[in-house]
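Colleague: I am new to this structure and would like to go through it with you, one question at a time.

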Amino acid sequence: MDQLTADESKEEDDGSSPVGRGGAGIYIEGELGAFYLLQMLAGSEARGLPNARIEKIQFQGVDEGYALDDLIVHGLSDRGSSLLEIQSKRTITFAPKDRIFQSVCEQIVRSAPTNKPTDRHVFAVATQRTSFAISGPYQDVLEWARVSKTGAKLFERLALKGVASDAMRSFARTFRANLVAKGVTDDDEAIWSIIRQFLILEFDFESGAPQARAHALTMATQVLAPEDVSRAEALWSSLIELVIKTGKSGGAISRDELPGILADRGFRLTGNRDYTLARARLAEMSRFALRDIGSTVGGVNLPRLRAMASLEKARDRHRFIEITGKPGVGKSYVLRHLAERVGSEANAIVLDPIGTPGGGWAALAQRLDIPGTARDFLADLAASGGGVLFIDGLEMLASPERRRTINDLLREVAAIDGFAVVVSNRPDFDADGRNWLAEDALAVLGPPCQVLVGELDDEEVAALSELAPELSALLAPGHPAASIARNLYRLTQLLKVPSTVEIRTEAALADRWWQTADGAQNSDVRAAQRILADLAKAALSGSDTIEAAADSPARDHMLNSLTLGEPQRDRLGFYHDVLRDWAIGAILHEDTALIEGIDLTVAPSPRLTRGVEFAGRFALEKGQDGSAWKAFLAALSAAGAHDAWRRQALMAIIRSELSPQLLNRCRAALLAQGGALLSELCTAITAVETAPVAELFAQAGAYGEILEAPRSVRAATTPSAPTVVLWCASNVADIPIQAIPAIVKLVEIQFLLALGVSQYGRKTSRMLFKWLMQLDLPDAKIDIPSPLDAPKIQGQARQQLISDLRSMTLLLAGNAPEETKTYLTAVEAENNSYKFKAIRPFGRALAKPAPRELAALVERNLIETPHHDRQAVAGRTAHSVLPIRITCRLLQLSRRSSICSKLRPTPVLLSFESLSKRRSHFTRVAR
């Protein structure tokens with residue numbers, strides 16, 4: 001209803017007629033009532049009363065004790081009768097000072113219907129204007145209340161920081177305060193008993209494109225006889241008129257009465273539902289989604305047997321499976337194989353970012369002409385063997401309307417036993433894009449099982465070389481493009497290049513594609529480039545396609561070369577998301593001014609992130625120094641810009657196939673101002689290219705083995721960290737002191753790779769010892785650069801730097817025995833008991849490389865002597881970067897070959913396998 005004062009509410013209580021009570025606009029109430037009449041007619045579950053069939057809908061029932069009286073839904077389930085009281089509100093915020101919410105709470109307290117339901121009594125507000133808080137945190141509180149076993153448990157959960165949000169706590173406090181103000185006892189159980197009965201029903205009849213109306217029209221087409229389906233709009237209008245007319249007298253309409261009323265108005269209704277047409281349209285939609293996924297390379301259909309085997313294994317134990325891997329490795333290819341296998345037996349649902357209709361289940365139901373409910377239709381699919389929902393490119397579903405469709409499906413699928421979900425996405429989907437997925441559905445489906453699709457392995461390379469001899473040269477180890485040729489999509493693009501001798505990186509391949517418009521005829525290149533540029537600009541603005549009604553040779557060329565696809569007539573889009581990445585990077589590199597039209601204050605969508613990275617790669621690889629790259633970074637660093645934009649461009653230097661050369665090329669830029677850019681790069685790698693060690697071991701099957709390791713203990717998952725560390729080791733003499741803390745953190749996430757005696761370990765350890773012996777020994781000469789234009793590291797910050805540096809250096813002492821001996825000898829001569837206490841926990845790591853020196857140090861400090869050096873007191877708080885207990889546990893686990901064999905082939909995890917081969921060494925260290 002519209003906003004009412006307390007006096008107006010009192011007038012209603014005093015016996016005013018239903019006509020005078022109005023509501024949130026007569027027509028809006030008419031639409032709301034018509035919506036529920038359609039649900040009753042279709043035999044659907046009432047929205048707000050799951051598992052209940054609507055028996056009667058009553059309007060304006062305050063005279064019968066219903067305080068929330070705009071709409072009263074009477075339902076019946078196998079557990080008894082149910083009652084849903086709905087109050088319609090155009091605008092309600094649920095804020096602490098919202099008088100409308102206060103009025104609703106008063107109505108809830110006053111509600112005392114004559115006929116009590118035997119199953120459920122639910123109160124609801126139907127709001128026409130929602131918000132993030134209403135759709136998210138407030139709904140979470142209500143759901144928590146419904147699933148909570150007691151009021152005490154609910155409010156305990158809400159009080160937990162990091163579990164419930166401030167918005168959730170604020171809503172719960174407001175609800176409680178309003179109820180107490182209206183006479184409810186201020187008791188957890190009393191408050192909870194009301195909150196758990198409350199619903200917020202979000203409708204959007206007043207919006208420009210109301211989804212609720214789309215839902216209603218879908219239901220209208222389902223209940224009408226086939227010959228009357230075209231009259232869905234007329235049925236909707238007739239029901240609205242019926243609701244308004246009935247509401248004037250405060251009447252009611254029962255389930256048995258409604259078909260007769262509609263028959264008198266000339267509507268013919270359907271009987272039992274027939275899914276024949278819906279199945280046919282589903283098969284067509286799925287076929288269209290799959291046919292745009294390439295299935296061959298060089299004319300060879302490569303089944304990716306290992307990935308398929310992993311996928312099948314995952315299907316045996318999991319309902320939610322993610323096919324993940326870098327762009328272009330063939331994730332969609334693997335998904336297509338499984339979908340076609342399932343499709344040979346029954347229809348399955350296959351969705352992609354372009355073909356997925358926006359607007360929720362109602363939009364999908366309209367597209368496929370599905371009669372009945374989603375649950376019925378999906379259950380029917382599952383029963384016939386098609387119980388798999390395939391979603392290709394999950395991270396590319398950017399629009400709220402399409403995400404609504406996916407979440408509606410996920411929620412319905414989750415409720416059907418045996419129905420599985422298989423999606424493909426990029427590895428970085430976890431970092432930024434997953435939070436929109438319906439958490440309630442994911443909780444039911446269970447944790448996702450990831451199936452990693454990597455680049456071509458040796459067996460697949462051999463098979464391709466044999467079946468397609470033209471590929472053998474590209475795949476040969478000595479070919480200049482060898483570093484990118486084992487990626488399936490890049491390989492298909494390389495096949496188009498007349499001479500691949502100059503192609504050494506993906507950026508170079510992308511540049512060739514952009515400059516030639518994918519090999520267009522010279523006369524068509526300019527026209528084709530304009531189409532690509534228009535598409536790239538559209539992608540920057542969030543669009544998937546552009547309109548291109550005019551035929552042209554350039555248009556035909558790019559459609560035939562599979563650069564572009566035509567998902568709808570005269571609408572063109574990129575055939576593969578890799579090409580969109582390339583085009584965004586190329587257009588931003590050509591015209592940096594386009595950044596001014598992008599909203600940098602919000603994080604980039606997953607559809608743009610890699611394109612921004614490619615713009616950085618173009619600037620780096622096509623420039624002679626780092627100036628163009630620095631200029632691009634500066635353009636992304638305007639006041640108020642989200643850090644993720646700059647971070648994507650920053651990571652370009654380490655994600656390029658030429659990263660070692662590019663680091664040298666940009667050496668001056670990286671080391672300037674106390675190594676500010678180098679520190680930023682190290683921090684970015686630590687933030688976005690790591691995973692909790694416990695999680696990595698859990699994925700390998702070591703469940704419960706390392707529960708004591710906090711999630712803050714992380715390990716690198718890409719080669720970026722060791723690449724930067726080795727570059728730093730090669731330039732150690734020029735690394736400013738200000739950059740050392742970030743580098744030490746980078747070494748920490750590669751701890752297990754550096755721990756074993758290896759070239760990487762030796763270079764890393766010697767670099768760390770070089771710094772440690774200058775900073776930690778009182779009489780040492782310090783020649784570490786400390787530029788005047790960089791902030792000084794002094795006081796506590798300097799002591800923290802030394803403490804962290806000492807911890808990591810001593811953990812890796814086995815790689816630098818001579819340096820270890822020299823350092824311990826100097827510490828022994830210093831006779832600093834506090835420093836000895838800081839070193840003592842590392843005895844296990846120091847015993848082998850310097851046993852005598854360690855023994856001398858221990859002997860020297862058997863009797864503690866007073867020490868008044870204030871700087872030395874810092875040793876009292878010294879701590880290991882990696883706690884010793886956790887370090888030893890990791891060492892023990894690294895010896896287990898059964899675990900190592902299951903870990904993903906990332907640099908740090910490959911090191912686990914190499915560590916397991918040094919079993920005797922680690923046995924002694926861990927002991």
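Modeller: Before we begin, two strands are said to pair if DSSP finds at least two bridges between them. This is a predicted model, and the questions should be taken with that in mind.

Colleague: Which residue of β11 stands opposite valine 388?

Modeller: Strand β10, residues 388-391, and strand β11, residues 420-425, pair in the parallel sense over four bridges. Valine 388 belongs to that stretch of β10, and the residue opposite it in β11 is alanine 420.

Colleague: In what order do the five strands of the open sheet lie?

Modeller: The pairing in this sheet is parallel, and the twist from one strand to the next averages 20°. The edge strands, each pairing on one side only, are β9 (349-351) and β12 (449-452). Read across, the order is β9-β10-β11-β8-β12.

Colleague: At about what angle to β10 does helix α17 run?

Modeller: Helix α17, made of residues 400-414, lies across β9, β10 and β11. Its direction relative to β10 is about 155°.

Colleague: Why do the buried residues of α6 line one face of the helix?

Modeller: In helix α6, residues 151-159, the buried residues are Gly151, Leu154, Phe155 and Leu158. An α-helix has 3.6 residues a turn, so residues three or four places apart point the same way. Seen down the axis of α6, its buried residues line one face because they fall within an arc of 85°.

Colleague: How many contacts beyond four places in sequence does the model have for residues 702-708?

Modeller: The mean pLDDT of the protein is 81, but over residues 702-708 it stays under 50. Where pLDDT is low, the predicted coordinates should not be read in detail. With that caution, the number of such contacts for residues 702-708 is 14.

How values were computed
Residues numbered from 1 in each chain as written. Predicted model: local features only at pLDDT ≥ 70, side-chain atom pairs only at ≥ 80, totals over all residues. Heavy atoms only, no water. Buried < 20%, exposed > 50% of the residue type's maximum accessible area, 1.4 Å probe, protein only. Helix = DSSP H or I, 4+ residues; strand = E, 2+ residues; numbered from the N terminus. Arc of directions from axis to C-beta. pLDDT = per-residue confidence, 0-100. Contact = heavy atoms within 4.5 Å. Axes fitted to C-alpha atoms, helices over the stretch in contact; angles between N-to-C directions.
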